[in-house]
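Colleague: I've got this one open in the viewer and I'd like to learn how to read it. Can we go through it feature by feature?

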Protein chains: 2
Amino acid sequence: MNIGQAAKASGISAKMIRYYESIGLMPPAHRTEAGYRAFHEKDIHALRFIARARSLGFSVEQMSNLLALWQDRHRASSDVKAVALAHIEELDGKIKKLQDMRETLEHLVKHCHGDARPDCPILGDLAAESVELDAELTL
Amino acid sequence: MNIGQAAKASGISAKMIRYYESIGLMPPAHRTEAGYRAFHEKDIHALRFIARARSLGFSVEQMSNLLALWQDRHRASSDVKAVALAHIEELDGKIKKLQDMRETLEHLVKHCHGDARPDCPILGDLAAESVELDAELTL
DNA sequence: TCTGAAGTTTCCTATTATTGGAAAGTGAAA
DNA sequence: TTTCACTTTCCAATAATAGGAAACTTCAGA
């Protein structure tokens, strides 16, 4: 199987397959005599594993852990669960941050006329004198 | 005001202040005879504006728009509102994506014993044969 | 006035995951 | 044999930020 076919079969671009190999997430692929990478079923499985993990937002480093656990038949499911839970917390943190931003912005938008007049609380907020920072300066 | 003081007063690191200047988000700072950047109140205002916008998740490009609107006394508040609304949609998209990931992962975690045994539905899901991709290949 | 510390300058590097391109080589079919 | 699609490696770019090096400036203390 060439890299192009492996890409189609796994949903990971050829570029990224080479990249994952270069950083050691995937082991060096076998090669044909001419130097073409040759992928076997086992490799495709690993690539799909990676694709799925990526779609769940795992970083390359986390995927590296997951792959190691996956390939260790004697892993404890608690180890896997720990990685997953840590990732959930990470996701929660990001979600919270985005929701906070969204809320603030929503609030500002609600108070903006949104007409031809120039006065706008959104810009007003952005330009507000930040008293807190001044306070910090005097600490 | 030196760059270090400007950094403290605005909450933006000296590195980033130079960066924002280099990409044109901030106009070139005035210079002392020795070549040190000299910041005035007006600059600090702009930097704080940027800091606030950053904290709301606006990208450099969006901030560039907002700054232009801010400095245009005749802007229509509807223009500002449009930028903000577009950003809210962007945030919503990101939030949704993260929540979807979180949900899937939460579901998997719930079904994982999390003990010393090796069987784990999390890895099971990651390693699952992806039938959809095969189907796509035959299109 | 000299000296040293702290601040500043520019330039280069790295990060993360991904995409793009160029130049050269390979595969396969007509 | 030509041609087209594919592959190879290498280099560059993205967005926002951080780190460091070498050279220069400022300023306070001796």
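Colleague: Let's begin with the DNA. How far is a phosphate oxygen of DNA strand C from an N or O atom in the side chain of A:Tyr20?

Modeller: One thing before the number: this is a predicted model. With a contact like this, look at which part of the DNA is involved: phosphate, sugar or base. Here the A:Tyr20 side chain has an N or O atom 2.7 Å from a phosphate oxygen of strand C. A:Arg54 brings a polar side-chain atom to 3.1 Å from a sugar or linking oxygen of that strand. B:Tyr36 goes for a base instead, with a polar side-chain atom 2.5 Å from a base nitrogen of DNA strand C.

Colleague: Which elements give two or more residues to the surface near DNA strand C?

Modeller: Helix H2 (14–22) of chain A together with helix H1 (3–10) of chain B. H2(A) has the largest share, 4 residues.

Colleague: And which residues come nearest to strand C?

Modeller: There are 18 residues around DNA strand C, and the nearest are A:Lys15, A:Tyr20, B:Arg18, B:Tyr36 and B:Arg37. On the DNA side, sugar and phosphate make up 64% of the strand C atoms within 4 Å of the protein. By class, the surface residues split into 8 nonpolar, 5 polar and 5 charged.

Colleague: Now the other strand. Which residues are closest to DNA strand D?

Modeller: A:Gly4, A:Arg18, A:Arg37, B:Lys15 and B:Tyr20, out of 18 that surround strand D. H2(B) supplies the largest share of that surface, 4 residues. H1 of chain A and helix H2 (14–22) of chain B each supply at least two. Of the strand D atoms within 4 Å of the protein, 68% belong to sugar or phosphate, and the rest to bases.

Colleague: What do B:Lys15 and A:Tyr36 contact on strand D?

Modeller: Bases, for both. An N or O atom in the B:Lys15 side chain is 2.3 Å from a base oxygen of DNA strand D, while A:Tyr36 has a polar side-chain atom 3.1 Å from a base oxygen. Don't skip the backbone, either: a polar backbone atom of A:Ile3 is 3.5 Å from a phosphate oxygen of strand D.

Colleague: A:Ile3 is in H1 of chain A. Which residues of that helix are buried?

Modeller: Start with the geometry: an α-helix has 3.6 residues a turn, so residues three or four places apart point the same way. Then read off the buried set in H1(A): A:Ile3, A:Ala6, A:Ala7, A:Ala9 and A:Ser10. Just after the helix comes A:Gly11, with a positive phi near 85°.

Colleague: Why is A:Cys112 not bonded to A:Cys120?

Modeller: Check the sulfur distance. The A:Cys112 sulfur is 3.6 Å from the one in A:Cys120, its closest cysteine sulfur, and a disulfide needs 2.5 Å or less, so that is too far for a bond. B:Cys112 is in no disulfide either, with the nearest cysteine sulfur, in B:Cys120, 3.6 Å away. Searching the whole structure gives 0 disulfides over all chains. A:Cys112 counts as buried at 3% relative accessibility, and B:Cys112 is also buried at 3%.

Colleague: Last one: what lines the largest cavity?

Modeller: Read the volume alongside the lining. The volume is about 30 Å³, and the count is 1 cavity of 30 Å³ or more. The lining residues are A:Ile17, A:Glu21, A:Met26, A:Pro27, A:Ala29 and A:Phe39. By class, that gives 5 nonpolar, no polar and 1 charged.

How values were computed
Residues are numbered from 1 along each chain as its sequence is written. Chains are lettered from A and ligands numbered from 1 in the order in which they are written. This is a predicted model: local features need pLDDT of at least 70, side-chain atom pairs count only at pLDDT 80 or more; totals for chains, interfaces and linings use all residues. Side-chain values use heavy atoms; hydrogens and water are left out. Buried means under 20% relative accessible area, exposed over 50%, partly exposed in between (1.4 Å probe, protein chains only). A residue is near a molecule or strand if one of its heavy atoms lies within 4 Å of it. A polar contact is a pair of N or O atoms within 3.5 Å; within protein, one must be able to donate a hydrogen and the other to accept it, and residues adjacent in sequence count only if both atoms are side-chain atoms. Ala, Val, Leu, Ile, Met, Phe, Trp, Tyr, Cys and Pro count as nonpolar, Asp, Glu, Lys and Arg as charged, and the others, Gly among them, as polar. On a 1 Å grid over the protein atoms alone, a cavity is a set of points where a 1.4 Å probe fits but cannot get out, and a pocket is an open set with protein on both sides within 12 Å along at least five of seven lines; lining residues have an atom within 4 Å of a point. Grid points are joined across faces, edges and corners, and a volume is the space filled by probe spheres set on the points.
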